[in-house]
Amino acid sequence: MGYNEARAPQFRRPASRWPAYGGPPGPASIPRTQGRQALPAKNEKQHYREPAIFNPTSVPLERPTLKLSTERVLTTHVGSLPRSQPVVDMLFRREEAQQYSRAEFERIMDEGVADVVRRQTQIGIDTVSDGETSKIGYATYIKDRLSGFAGDNPRQIALDLQDHPDFRARMAVFAGKQSFKRQSCVGPIAYQGQEDLNRDIKALLEAARQCNAHDAFLNAASPGVVSAFQPNSYYPSHEKYVEAIGEAMRVEYEAIVNAGLVLQLDCPDLAMARHTGFQDLSEAEFLRRAEHQVEVMNHALRNVPAQSLRMHVCWGNYEGPHDHDIALGKVLGIVLKAKPAAIQFEASNPRHAHEWAVWKSAAIAPDKILIPGMLTSTSNYVEHPELVAQRIMQFADIVGRERVIAGTDCGFGSFAGIGKMDADISYKKLAALVEGAALASDRLW
Ligand SMILES: [Zn+2]
């Protein structure tokens with residue numbers, strides 16, 4: 001997908017925000033801004049003050065508030081989307097410390113973000129992301145943001161894959177080999193990623209405005225998931241390590257929210273890490289660690305309102321047996337203690353689809369919003385919109401229609417250039433999500 005195409009007429013503010021369908025999929029009469037706030041136009045300076053967003057001590061700008069499905073079921077997804085080949089090539093040039101031009105890097109990333117935001121808005125996704133375009137992976141990108149990391153570590157084989165070497169070999173063929181770095185912490189951690197962060201925020205705000213998106217969110221790694229991917233060789237304990245990560249990442253969390261974007265904390269450390277990075281712990285040790293990770297995350301979010309935040313919990317975005325996944329029921333109590341108002345989780349794949357019943361029996365605070373996965377993110381099957389609608393109804397029955405947003409199980413491109421998801425099919429799945437949400441809206445309103 002070339003730059004020129006992305007900058008072509010679609011980039012002019014469309015009269016309707018549903019250009020792909022010629023009309024909104026939900027009730028036709030909903031005014032664009034009713035009940036929801038459009039992203040600020042660039043000339044609205046009170047929302048867009050580029051130089052101020054990285055100064056944590058500056059007066060916060062207007063913070064975003066998560067939109068509820070007040071008039072119809074809103075749609076979103078987990079964040080990552082398949083990246084174009086130029087984006088992948090550039091990310092690996094940087095990953096492998098090859099020579100590259102910073103200007104060229106920025107141009108390619110901006111084009112990538114513009115393209116994915118355009119595709120999301122054309123489909124009719126309500127809360128769009130930058131596709132995590134500039135990030136090599138959702139948890140390992142921090143090596144470009146935090147000081148104190150170096151080297152590389154061998155990848156730990158997930159517990160469910162250890163008995164299946166033949167399948168692992170086939171996985172490497174159909175999904176690609178994970179060749180990104182997994183560094184260790186070898187020194188004091190401090191935030192040093194302002195320039196990259198600034199670029200990400202600016203690119204997403206700009207693209208969202210250009211495409212007239214209703215709302216946009218940016219991902220950031222939770223303190224716990226950083227520790228699950230990057231082992232500690234410096235701090236005296238795991239707890240001290242996670243606390244140092246939390247304090248450093250606070251800069252990123254606050255900057256995203258202060259820029260007017262919803263912040264999504266990626267927290268597979270609360271589920272997936274049980275059979276991956278923290279597989280050597282007992283279950284009780286894992287749960288204690290998860291509890292601490294949530295405490296640290298909440299502390300790192302102390303200056304950010306819960307209503308500007310969502311979190312994503314998952315068991316690992318890969319096709320595999322997943323028969324070592326810790327049950328939702330064991331971690332849900334911990335997840336519900338986290339500060340973010342909205343929780344996005346796997347609810348569609350065959351290992352976790354039954355857990356709607358766990359949500360049904362859980363004590364969910366009335367201010368929590370659920371963003372269940374209505375699509376699998378490891379299969380190129382396109383879910384039938386009717387199935388999406390049925391799944392939405394199931395959760396609307398639990399917490400009420402206004403507190404359900406239709407999401408996806410996980411990202412469609414968790415690691416740049418890796419994974420079995422086809423880009424065009426991923427967008428077809430997202431279109432089925434929008435269509436299914438419209439069907440459910442007709443039934444619920
Ligand atoms: Zn995930």
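**Exercise 1.** Which residue is the bridge partner of Asp266 in β6?

*Solution.* Keep in mind that you are working with a predicted model. Start by finding the two strands: β5 covers residues 262-266, and β6 covers residues 309-313. Next, look at how they run: β5 and β6 are parallel, joined by four bridges. Now go to Asp266 and look across to β6, where its bridge partner is His312.

**Exercise 2.** Find the strand that pairs with β5 over five bridges, and name the residue opposite Val262.

*Solution.* The strand to look for is β4, residues 215-221, which pairs with β5 in the parallel sense. Then pick out Val262 in β5: Phe217 stands opposite this residue.

**Exercise 3.** Trace the chain from β5 to β6 and give the handedness of the unit.

*Solution.* Begin on β5, follow the chain through helix α8 (residues 283-300), and finish on β6. Together these three elements make a β-α-β unit, and it is right-handed.

**Exercise 4.** Are the faces of β5 covered or open?

*Solution.* First, sort the side chains: in a regular strand they alternate between the two faces of the sheet. In β5, one side holds Val262, Gln264 and Asp266, and the other holds Leu263 and Leu265. Then check burial, where the cut-off is 20 or more other C-beta atoms within 10 Å of the residue's own. Five of the five residues of β5 are buried, so by this cut-off both faces are covered.

**Exercise 5.** Set β5 against the whole protein chain.

*Solution.* Count the elements first: the chain has twelve helices and eight strands. Then turn to burial: 51% of its 445 residues count as buried.

Key
Residues are numbered from 1 along each chain as its sequence is written. This is a predicted model: local features need pLDDT of at least 70, side-chain atom pairs count only at pLDDT 80 or more; totals for chains, interfaces and linings use all residues. A residue is buried if 20 or more other C-beta atoms lie within 10 Å of its own, exposed if 12 or fewer, and partly exposed in between; C-beta atoms are placed from the backbone. Two strands pair if DSSP finds at least two bridges between them. A crossover is right-handed if, with the strands pointing away from the viewer, the path from the first strand over the helix to the second runs clockwise.
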